[in-house]
Amino acid sequence: MSLDEWILALHVLSAFAYVAGMIVFWVLVVAVRRTDTPDETIRMGPIVKVGNAATGIGAGGTIVFGIWLAFSYGDYDIWDPWIIAALVLWVVAAGIGARTGKEYTAGMDMAKELQAAGQSGSSAELLAINRTQRGLFLHAAGSVVVLLILIDMIWKPGA
């Protein structure tokens with residue numbers, strides 16, 4: 001295998017990691033909507049770390065290896081419209097992902113505050129924060145953008 005073939009394999013593997021991270025967060029979004037106690041909310045922390053790692057490694061790998069391929073692979077150029085579209089969509093997805101993280105971190109922060117204050121029972125306010133409609137909308141929008149990146153990468157419109 002050539003170096004470009006290895007880089008392409010790593011690029012595709014990174015895309016799988018990115019999508020897997022997004023799926024982990026969908027599972028968490030659904031699970032946290034029923035969570036109203038600090039302990040249950042905090043218990044999701046390790047899974048959040050797995051999702052963050054998969055998404056971070058996936059997003060980082062796709063952009064690094066993708067740009068490498070755009071310069072290295074003979075059939076593609078960085079200024080090809082489908083590559084520019086992918087880069088723009090990647091930046092949009094990253095921005096949406098950061099905002100989504102802030103929305104759901106608010107619930108984790110409140111759960112830690114409640115736990116530190118000795119409150120372990122149900123909290124209507126924590127449940128309301130965990131059911132953030134804005135976070136749900138942002139994660140759905142981020143998922144659509146990642147899907148658009150995948151469509152762009154598979155069919156390469158304008159190539």
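1. A word on terms before we look around: a residue is called buried when its relative accessible area is under 20%, exposed when it is over 50%, and partly exposed in between, using a 1.4 Å probe and protein chains only. By that rule Thr-35, at 4% relative accessibility, is buried. Please keep in mind that this is a predicted model, in which local features need pLDDT of at least 70, side-chain atom pairs count only at pLDDT 80 or more, and totals for chains, interfaces and linings use all residues. Residues are numbered from 1 along each chain as its sequence is written, and side-chain values use heavy atoms, with hydrogens and water left out.

2. Here is the overall picture. The protein chain has six helices and zero strands, and from the N terminus on its elements read α-α-α-α-α-α. Helices (H or I, at least four residues) and strands (E, at least two) are DSSP runs, numbered from the N terminus. The C-alpha atoms fill a box of roughly 60 × 30 × 20 Å along the principal axes. Of the 159 residues in the protein chain, 35% are buried.

3. Back to Thr-35, which sits in the loop between helix H1 (3-32) and helix H2 (38-43). Its side chain reaches the backbone oxygen of Ala-31 at 3.0 Å. That is a polar contact, meaning a pair of N or O atoms within 3.5 Å; within protein, one must be able to donate a hydrogen and the other to accept it, and residues adjacent in sequence count only if both atoms are side-chain atoms.

4. Just beyond that loop, Asp-39 belongs to helix H2 and is partly exposed, at 31% relative accessibility. For a sense of distance, try Asp-39 against Ser-2: they are 37 residues apart in sequence and 50 Å apart in space, C-alpha to C-alpha.

5. Helix H3 (residues 45-72) holds Asn-52, and Thr-55 also lies in helix H3. Asn-52 is partly exposed at 45% relative accessibility, whereas Thr-55 is buried, with a relative accessible area of 17%. Thr-55 and Val-19 are 36 residues apart in sequence, yet their C-alpha atoms are 7.3 Å apart. Asn-52 and Gly-74, by contrast, are 22 residues apart along the chain, with 34 Å between their C-alpha atoms.

6. Helix H4 (residues 81-116) deserves a slow look. It has 36 residues and reaches 52 Å from its first C-alpha to its last, close to the 52 Å expected at 1.5 Å a residue; the expected span is 1.5 Å times one less than the number of residues. Even so, H4 has a kink of about 25° centred on Tyr-104, where the bend is the angle between axes fitted to the seven residues ending there and the seven starting there. After H4 comes Gly-118, with a positive phi near 85°.

7. Which residue pairs with Arg-134 in a salt bridge? The partner is Glu-103, with the closest N and O atoms 3.7 Å apart. A salt bridge here is a side-chain nitrogen of Lys or Arg within 4 Å of a carboxyl oxygen of Asp or Glu, and the structure holds one. Arg-134 lies in helix H6 and Glu-103 in helix H4, so the pair ties together parts that are 31 residues apart in sequence. Both ends are partly exposed: Arg-134 at 46% relative accessibility and Glu-103 at 22%.

8. Ser-122 is in the loop between H4 and helix H5 (124-130). At 58% relative accessibility, Ser-122 counts as exposed. From Ser-122 back to Glu-103 is 19 residues along the chain and 20 Å between C-alpha atoms.

9. Do turn the model to see the surface of the C-terminal part. Val-144, Leu-147, Leu-148, Ile-151, Ile-154 and Trp-155 form a nonpolar surface patch with about 630 Å² of accessible area together. Patches are made of residues with over 30% relative accessible area and no salt bridge; like charges are joined within 9 Å, nonpolar side chains (Val, Leu, Ile, Met, Phe, Trp, Tyr) within 5 Å. Areas come from the Shrake-Rupley method with a 1.4 Å probe, and for residues only the protein chains shown count as cover. Val-144 is in helix H6 (residues 133-155) and is partly exposed, with a relative accessible area of 48%. An α-helix has 3.6 residues a turn, so residues three or four places apart point the same way.

10. One last spot: Lys-156, in the segment after H6. Its phi is near 45°, a positive value in a residue other than glycine. Lys-156 is partly exposed, at 22% relative accessibility.
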